[in-house]
Each structure stands twice: as C-alpha cells, then as structure tokens.
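I opened the notebook to record how the chain folds, beginning with how its strands are joined and then stepping back to the whole chain.

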Amino acid sequence: MRKLKTEELGRVGIEDFKKQDKLPITVILDNVRSMHNIGSIFRTSDGFAIEKIYLCGITAQPPHREIEKTALGATQSIEWVYSSGISEIILELKAAQYTVIAIEQAQNSVMLNDFRPKTSEKYALIFGNEVNGVSEDAMKLIDTCIEIPQFGTKHSFNIVVSAGIVLWDFFAKLKLKS
C-alpha cells in the first residue's frame, strides 16, 4: 500500500467547488473564541461540501492568519457571512425553510445516532462557544437539539471534533445510503 500524492486525489478547484451541488447544511458558529477552531471548521465544512457558514457574535472572521493556519484556504471555497447577533440569522434561516438544530447537551435532546435527516430538508447546525456552548438566545429559537453520545469522564468534545462527528453523520445518512 502507498499513500496517494496530492495530484492523484482528483480534488476540484475553488471555482468548480463553488458551482457543485452542496450538502443541504449550513453551519452557524455561535461565539466561537478560538481562531484555530474556526479555521478547522471551515476546512471540515469544505471536506463535506456544505452550503455556508455563519459567524456570529465574537466569532472571528477571515482573513486572519490564525484562522488560515487550520483552514488551509477553505475560507476561499466556503461561502460565509458574519452577523453580530445569532437570533436574526436563525429567524432568516427558518424563513428560508431550514430546520435549525443546536448541537448541545439539553433536556429532550435527540441522540445523534437516533436522528434521521431527510433528503428533502435543509439544515442549519449551531455549534457553540468552547466553554458555554450554544447561547440561550439561540436555544430559545431552535427547532430541535442533537446530542453526541459520550461515554467517558469528560462532559463534552472539542467543538471541532463535534463538528466533524456531526457533519460526517449527516453526510453519511444523506449521501451514503445503501
């Protein structure tokens, strides 16, 4: 076995990526403080070809070298928008027929393995602050909440790990049906 070279991977360029069909998912970053986390989520979002990222509150915006360290250019391929408030974004997405989902540990949350996304729907997934999680303002407006099952001693995953788990799960359930 040998590793593939970059030129063997068959990746599309930025302009072709922007034109291709996207996974019907938008990511909302709610007061994410680490620019490395922001960049990593851009890169993960590019990998799963999501529609857009909304950066809300204190979440930093490209261009910034600390975001680019981990984004590796994904800030150029993924469409993004900044908003100081999250409530307006949620209401806008709901009006556009998105199902808005917080990724959070909450009363009556649905475990990720039990959630079944529908191919006919569009989803907006909210990932919250590294310490405080999804804001109360956002929690008041969501349609549902998904929780990632955990079995260790820690009470949460890093936001980038959470985004990777959830985006992969949605991708697998929506695109890799057997």
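I looked first at strands β1 (residues 23-30) and β2 (residues 50-56), which run parallel and are joined by six bridges. Within this pair, I found that Ile28 has Tyr54 of β2 as its bridge partner. I noted that strands are DSSP runs of E with at least two residues, helices are runs of H or I with at least four, and both are numbered from the N terminus; two strands pair if DSSP finds at least two bridges between them.

The model is predicted, so I kept in mind that local features need pLDDT of at least 70 and side-chain atom pairs pLDDT 80 or more, while totals for chains, interfaces and linings use all residues. Residues are numbered from 1 along each chain as its sequence is written, and side-chain values use heavy atoms, without hydrogens and water.

Next I followed the open sheet, whose seven strands take the order β3-β2-β1-β6-β4-β7-β5 with parallel pairing. Its edge strands, each pairing on one side only, are β3 (79-83) and β5 (110-111).

For the whole chain, I counted seven helices and seven strands. The radius of gyration, taken over C-alpha atoms, is 16 Å, close to the 16 Å of the globule rule (2.2 Å times the number of residues to the power 0.38) for 178 residues, so the chain is as compact as a globular protein of that length. I also recorded that 44% of the 178 residues count as buried, meaning under 20% relative accessible area with a 1.4 Å probe, protein chains only.

Note on methods: Buried < 20%, exposed > 50% of the residue type's maximum accessible area, 1.4 Å probe, protein only.
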